[in-house]
Amino acid sequence: MSIMLRSNENPSAGVDVRFPLILTLDANGTPHRWITWQHACFYYTKDQIAWTAGAEAFSVLGGYNRVSGERSRIVSNSIIAIKGRPLAGRGFGQVPPLNNRELFQRDRFLCAYCGTLVHGAKLTRDHVVPFSRGGRDVWMNVVTACRPCNERKSDRTPDQAHMELRYLPYVPNRAEYLILTNRRILADQMEFLEQHVSVQSRLHARGVR
Ligand SMILES: [Zn+2]
């Protein structure tokens, strides 16, 4: 597939929305982050691309050369490795930020107590060990819960509330976090990231997305 984009001075918002995000890796192939096509072009023009891995390529048309009259064009791959220091031990091992959006995605929108599929305003973040009992607001202590279960459990641990956890919390690694944060991942990007998702991830158990 090839998408032609006009990179003019004032790109419309629609172009940015349609254009998929580019997955960057470090030079060793460790997944790093999502960047926009503009950012990818920057890496290409600065000769910062170590190698590419994606099956998809996107052409971005730039301005006309005043002398030759030819139009510049950058072809960006869907997965690009950036030159520089390897991430392993730094970026990849970091605990990703905890947000409801990614938490609900991690838990596949299932209430940890009753197992029902939850939507919208009924989705809540439950602290397995409540704050009042020393629980913290971290990936390992939070699960998705429907509002009725959360209210029923109240300020108690699951044991105290006689409510059993149907699944256990875990910390998504960086590859899984990248999957959780992007709803429009291309097939080749997904395939690449899945290889880096830890075995404990629920992405493996339920099929992805
Ligand atoms: Zn529930």
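This note sets out, point by point, the main features of a predicted model of a protein chain.

1. Overall make-up. The protein chain has 209 residues, of which 26% are buried. Its secondary structure consists of eight helices and nine strands. Among contacts with a separation of 6 or more, 65% join residues that lie 24 or more positions apart.

2. Confidence. The mean pLDDT of the protein chain is 85, and 86% of its residues reach 70 or more. Confidence is highest in strand β9 (residues 142–146), at 98, and lowest in helix α1 (residues 13–18), at a mean of 46. Over residues 6–17 the pLDDT stays under 50, and for this stretch the model has eight contacts beyond four places in sequence. Statements about the placement of α1 should be read with that mean of 46 in mind.

3. The open sheet. Four strands make up an open sheet with mixed pairing, in the order β3-β2-β7-β4. The edges are held by β3 and β4 (49–52); each has a single partner strand, so one side of each is left without a neighbour in the sheet. On average, neighbouring strands of this sheet are turned by 30° against each other, direction ignored. Helix α2 (residues 37–45) packs on the sheet and touches β2, β3, β4 and β7, and its direction makes about 45° with that of β7.

4. Pairing around β7. The mixed character of the sheet can be followed at β7. With β2, the pairing is parallel and runs over four bridges; here Leu23 has Ile79 in β7 as its bridge partner. With β4, the pairing is antiparallel and runs over three bridges; here Ile49 stands opposite Ile82 in β7.

5. The two faces of β7. In a regular strand, side chains alternate between the two faces of the sheet. In β7, Ile79 and Ala81 lie on one side and Ile80 and Ile82 on the other; all are buried, and both faces of the strand are covered.

6. Thr52 in the edge strand. Thr52 lies in strand β4. Is this residue buried or partly exposed? Thr52 counts as partly exposed because it has 17 C-beta neighbours inside 10 Å, whereas 20 or more would be needed for a buried residue. Leaving aside neighbours within four places in sequence, Thr52 is in contact with Asn77, Ile79, Ile80 and Ala81. Thr52 and Ile82 are 30 residues apart in sequence, and their C-alpha atoms are 8.9 Å apart in space.

7. Helix α7. The buried residues in helix α7 (residues 187–194) are Gln189, Phe192 and Leu193. Seen down the axis of α7, these buried residues fall within an arc of 95°, so they line one face of the helix. An α-helix has 3.6 residues a turn, so residues three or four places apart point the same way. The buried residues of α7 pack against β2 (22–26), β3 (31–35), β7 (79–82) and α6 (174–181).

8. Nonpolar cores. The largest nonpolar core has 23 residues, and those with the most contacts inside it are Ile22, Trp37, Ala40, Ile80, Ile179 and Leu193. The elements giving two or more residues to this core are β2, α2, β5 (57–64), β7, α6 and α7. Beyond its neighbours within four places in sequence, Ile22 is in contact with Ile35, Trp37, Ala40, Ser76, Ser78 and Ile80. Another core, of ten residues, lies apart from the largest one; Cys111, Ala112, Tyr113 and Val143 are among its members.

9. Residues with positive phi. Most residues other than glycine have a negative phi. Asp47 has a phi near 55°, a positive value in a residue other than glycine. Asp47 is placed in the loop between α2 and β4, and counts as exposed because it has 7 C-beta neighbours inside 10 Å. His162 likewise has a positive phi, of about 55°, although it is not a glycine. His162 is found in the loop between α5 (158–161) and α6, and is exposed, with 8 other C-beta atoms within 10 Å.

Technical notes:
Residues are numbered from 1 along each chain as its sequence is written. This is a predicted model: local features need pLDDT of at least 70, side-chain atom pairs count only at pLDDT 80 or more; totals for chains, interfaces and linings use all residues. A residue is buried if 20 or more other C-beta atoms lie within 10 Å of its own, exposed if 12 or fewer, and partly exposed in between; C-beta atoms are placed from the backbone. Two residues are in contact if their C-beta atoms, placed from the backbone, lie within 7 Å. The arc is that of the directions from the helix axis to the C-beta atoms. Two strands pair if DSSP finds at least two bridges between them. Axes are lines fitted to C-alpha atoms, for helices over the stretch in contact, and angles run from 0 to 180 degrees between N-to-C directions. A nonpolar core is a set of buried Ala, Val, Leu, Ile, Met, Phe, Trp, Tyr and Cys residues joined through C-beta atoms within 7 Å. pLDDT is the predictor's confidence in each residue, from 0 to 100.
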